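Colleague: Could you take me closely through one part of this model, starting from its surface and working inward? I'd like to see how that part relates to the rest of the chain.

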Amino acid sequence: MTQTPSAPEALEEAAPDAAADHGDEHEHPSDRQYVKIALILGALTALEVFTYFESVHNLGDAAIYVVLIVLMILKFIYVVAWFMHLKFDSVLFRRVFVAGIVLALGVYLVMLTAFRIWGV
């Protein structure tokens with residue numbers, strides 16, 4: 001008669017050790033790198049604020065939207081890549097986040113045109 005394993009033993013056999021599956025560890029960024037990224041993000045935010053207040057007098061609506069959207073995408077890339085460690089993760093996760101930003105940007109642009117062009 002064959003002895004069947006108990007439930008905890010079966011789970012141990014079915015689920016391999018998590019540390020063994022996570023074989024390709026990456027080196028985490030240093031504190032200095034995090035401070036550099038934070039300073040870059042702060043500079044990009046300051047540039048966004050400056051762009052908004054200066055462009056009210058000098059640039060048209062289309063130019064301000066383009067500049068602010070580019071700055072927004074740059075900030076998204078920095079936050080996701082460094083603070084969410086996407087830079088070190090699988091390409092699959094990168095594709096999910098790229099799809100998310102493309103979808104969000106598409107929805108934003110549709111709504112922007114709806115309010116600017118059609119005057120809803």
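**A surface patch and the helices behind it**

Modeller: Happy to. Leu103, Val107, Val110, Met111 and Phe115 make up a nonpolar patch on the surface, together offering about 500 Å² of accessible area. A patch here joins residues with over 30% relative accessible area and no salt bridge, nonpolar side chains (Val, Leu, Ile, Met, Phe, Trp, Tyr) within 5 Å and like charges within 9 Å. Accessible areas come from the Shrake-Rupley method with a 1.4 Å probe, and for residues only the protein chains shown count as cover.

Before going further, a word on what you are looking at. This is a predicted model, in which local features need pLDDT of at least 70 and side-chain atom pairs count only at pLDDT 80 or more, while totals for chains, interfaces and linings use all residues. Residues are numbered from 1 along each chain as its sequence is written, and side-chain values use heavy atoms, with hydrogens and water left out.

Now back to the patch. One of its members, Leu103, belongs to helix H5, residues 91–116; helices (H or I, at least four residues) and strands (E, at least two) are DSSP runs, numbered from the N terminus. Leu103 is exposed, at 59% relative accessible area. On this scale buried means under 20% relative accessible area, exposed means over 50%, and partly exposed lies in between (1.4 Å probe, protein chains only).

H5 also has buried residues: Ile101, Leu112 and Ala114. The buried residues of H5 pack against H4, with contact meaning heavy atoms within 4.5 Å. As for its length, the 26 residues of H5 should span 38 Å at 1.5 Å a residue, and its end C-alpha atoms are 37 Å apart, so the two agree. The expected span is 1.5 Å times one less than the number of residues.

That takes us to H4, whose 23 residues reach 32 Å from first C-alpha to last, close to the 33 Å expected at 1.5 Å a residue. Its buried residues are Ile64, Tyr65, Ile69, Leu71, Val80, Ala81 and Trp82. Two of these are worth a stop.

Start with Ala81 in helix H4, which counts as buried because its relative accessible area is 17%. Leaving aside neighbours within four places in sequence, Ala81 is in contact with Leu86 and Lys87. The C-alpha atoms of Ala81 and Phe97 are separated by 9.9 Å, with their positions 16 residues apart along the chain. After H4 comes His85, whose phi is positive, near 60°.

Leu71, also in helix H4, has a relative accessible area of 5% and is therefore buried. Its contacts, again without neighbours up to four places away in sequence, are Leu44, Leu47, Glu48 and Thr51. Leu71 and Thr45 are 26 residues apart along the chain, yet their C-alpha atoms are separated by 8.1 Å.

Glu48 deserves its own look. It lies in helix H3 and counts as buried because its relative accessible area is 16%. Beyond four places in sequence, Glu48 touches Leu68, Leu71, Met72 and Lys75. Side chains of opposite charge can pair when their charged atoms come close. The structure holds 1 salt bridge, the term for a side-chain nitrogen of Lys or Arg within 4 Å of a carboxyl oxygen of Asp or Glu. In it, the side chains of Lys75 and Glu48 meet at 3.0 Å, N to O. This pair links distant parts of the chain, 27 residues apart: Lys75 in helix H4 (residues 61–83) and Glu48 in helix H3 (residues 31–58).

H3 territory also brings up the aromatic rings. Rings of Phe, Tyr and Trp (its six-membered ring) pair if their centres lie within 6.5 Å; planes under 30 degrees apart count as stacked, over 60 as edge-to-face and the rest as tilted. By this rule there is 1 aromatic pair. Tyr52 and Phe53 form it edge-to-face, at 5.3 Å centre to centre with 75° between the planes. Tyr52 is partly exposed, at 43% relative accessibility, whereas Phe53 is exposed, at 52%.

Finally, the wider setting. The protein has 5 helices and 0 strands, so to speak an α-α-α-α-α pattern along the sequence. Of its 120 residues, 15% count as buried. Among contacts with a separation of 6 or more, 65% come from residues 24 or more positions apart. The accessible surface is about 9400 Å², and 68% of that belongs to carbon and sulfur atoms.
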